[in-house]
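Grab a pencil and open the viewer. Below are some exercises, each with a worked solution you can follow step by step.

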Amino acid sequence: MNLKQKLFNLTQETLSERLKVVQTTISDIQTALLSETKSTAGDKHETGRAMLQLEREKAGQQLAEIQKQFEVLNKIDPNKENHVVALGSIVFTEKANYFISTSVGELLYEDIRFYAISMASPIARLLVGKTIDQTYLFRNEKITITKII
């Protein structure tokens, strides 16, 4: 299995874990809403119910965001090698290594640290379209791309 496939799988696993947490949260909120319905404590009941509704909306937004991240990830062909930075590229630089995919944060593979970042992130916007040995300026620091997969 190649490096891109392994990072793709790690990203997918991270998103799946987040999805399970959000689904559990939504399920717990639904259960709490049903039990709130049975209460007859007046204003306290309405306040508690409103808070649960807000939590459910927030969890629903998180669920939608995770689904969007899965859609982006599924556009990546883990077997394709890139020579120009684009969606699905693994970019090695003098400072850090990036997997241009979706924003899940740090991934560790064989003691090498990668950052899974979205195309909309500030660093990805600087990297997209660049090739090996090109530089970019980030936080007043000139950084060179050393390898692209």
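## Exercise 1: T144 and its surroundings

T144 is found in strand 6; strands (E, at least two residues) and helices (H or I, at least four residues) are DSSP runs, numbered from the N terminus. Before you start, remember that this is a predicted model, where local features need pLDDT of at least 70, side-chain atom pairs count only at pLDDT 80 or more, and totals for chains, interfaces and linings use all residues. Residues are numbered from 1 along each chain as its sequence is written, and side-chain values use heavy atoms, with hydrogens and water left out.

Task: work out whether T144 is buried or exposed, and which residues it touches.

Solution. Step one is the cut-off: buried means under 20% relative accessible area, exposed over 50%, and partly exposed in between (1.4 Å probe, protein chains only). T144 has 18% relative accessibility, so it counts as buried. Step two is contacts, meaning heavy atoms within 4.5 Å. Skip residues up to four places away in sequence, and T144 touches F92, T93, E94, D133, Q134 and T135.

## Exercise 2: Two positive phi values

Task: look at D133, one of the contacts of T144. What is its phi, and where does D133 lie?

Solution. Start with the background: most residues other than glycine have a negative phi. D133 isn't a glycine, yet its phi is positive, about 75 degrees. Next, place it: D133 is in the loop between helix 3 (122-127) and strand 5 (135-138). Its relative accessible area is 59%, so D133 is exposed.

Now do R139 the same way. Its phi is positive too, near 50 degrees, and again the residue is not glycine. R139 sits in the loop between strand 5 and strand 6. With 73% relative accessibility, R139 counts as exposed.

## Exercise 3: Strand 1 and its partners

Task: find which strands pair with strand 1 (residues 90-93), and say whether its faces are covered or not.

Solution. Pairing here takes at least two DSSP bridges between two strands. Strand 1 pairs with strand 2 (residues 97-101) in the antiparallel sense, over three bridges. F92 stands opposite N97 there, and the two strands make a hairpin with three residues between them. Strand 1 also pairs antiparallel with strand 6 (residues 141-148), over three bridges, and V91 faces I148 across that pairing. Last, the faces: I90 and F92 on one side, and V91 and T93 on the other, are all buried, so both faces of strand 1 are covered.

## Exercise 4: The whole sheet

Task: what is the strand order of the sheet, and which strands stand at its edges?

Solution. The sheet is open, has six strands in the order 3-4-2-1-6-5, and its pairing is mixed. Strand 3 (105-109) and strand 5 are at the edges; each has a single partner strand, so one side of each is left without a neighbour in the sheet. From one strand to the next, the twist averages 35 degrees, using axes that are lines fitted to C-alpha atoms and angles from 0 to 180 degrees between N-to-C directions.

## Exercise 5: A116 in strand 4

Task: which residue is the bridge partner of G105, and how buried or exposed is that partner?

Solution. Strand 3 and strand 4 (residues 112-118) pair in the antiparallel sense over five bridges. Within strand 4, the partner of G105 is A116. A116 has a relative accessible area of 2%, so it is buried. Leaving aside neighbours within four places in sequence, its contacts include T11, F99 and L107.
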